[in-house]
Amino acid sequence: MDNARLAEGLHEHTAGFARAAATAGPETRVPTCPEWPLRVLAGHVGQAHRWAASIVREGPSPVPDPLDADPGAPEKWFDWLREGAAELEDAVTAAGDAPVWTFFGPQPARFWLRRMLHDTTIHHADAALTGGDAFTVAPDHAADAISEWLEVLADPVAASLKPAFAELRGTGQTLGLAPDDGPGWLITRSPDGVRWTRETTPADVTLAGPVQDLLLVFTRRLPLDRVTVTGDAALAAHWLAHTPA
């Protein structure tokens, strides 16, 4: 996905989040996102966009506390969230190919556009599932979100950010994700961490279904039974239990 497509998706899902959050109400608890009320989740989304933009422009800064974010009155959320997404896009555009700070070492500024796009997409799903709204994500976008999440999990730094990720190491166990269309993913749990490739091949356990459902199951927004599980279901359950998103 090029920068234009990433930005398009960021604006689409930021707006979708705002609409879904407004439907459900600011104090409604979000069961898929540490039981925060939607007011806190809205603050987190807008805060994260602005924080990422500041990293691109100025360098690293401490991770902000979502409970400190103030999205304002609910009727102002749409504009406030839209402004944060635009600020991030502008910062990445201005930075061009310049490397910027990330948790995983210096990377092109687009890292933050992609990271915030996929984070926002999942939080759009959180809000939609909370309020009973429809949620859709384009297949190319959903596939890139799965790949990006695997890139995070496979990086050696990941376990230092969330200790639960260390439990994903194994002795060669394999998990497959098999979308209805396009290539899948083969994940191998090795002693030194997670490895993965884009291929559809037999695995110890395989999750199959529409790529949107695979994304939402893989990020623990839908239950495992929303996709077809073939093989060692306990292996899939263990993986999900140790991948809080």
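Here is a short conversation about how some features of this predicted model get their names.

Reader: What should I know about the model before we start?
Author: The model is predicted, and its local features need pLDDT of at least 70, side-chain atom pairs count only at pLDDT 80 or more, and totals for chains, interfaces and linings use all residues. Residues are numbered from 1 along each chain as its sequence is written, and side-chain values use heavy atoms, with hydrogens and water left out.

Reader: Why is Phe104 called buried?
Author: Buried means under 20% relative accessible area, exposed over 50%, and partly exposed in between, using a 1.4 Å probe and protein chains only. Phe104 has 18%, so the word buried fits. Phe111 has 12%, so Phe111 counts as buried too.

Reader: What makes the pair of Phe104 and Phe111 edge-to-face?
Author: Rings of Phe, Tyr and Trp (its six-membered ring) pair if their centres lie within 6.5 Å; planes under 30 degrees apart are stacked, over 60 edge-to-face, and the rest tilted. Here the centres are 6.2 Å apart and the planes at 65°, so the pair is edge-to-face. Both residues belong to one aromatic cluster with Trp51, Trp101, Phe103 and Trp112.

Reader: How do you know that Arg198 lies over the face of Trp185?
Author: A charge sits over a ring if NZ of Lys or CZ of Arg is within 6 Å of the ring centre and within 35 degrees of the ring normal. Arg198 lies over the face of Trp185, at 4.0 Å from the ring centre.

Reader: Why is helix α7 called largely enclosed?
Author: 8 of the 8 residues of α7 (residues 211-218) are buried, so the rest of the structure largely encloses this helix.

Technical notes. Helices (H or I, at least four residues) and strands (E, at least two) are DSSP runs, numbered from the N terminus.
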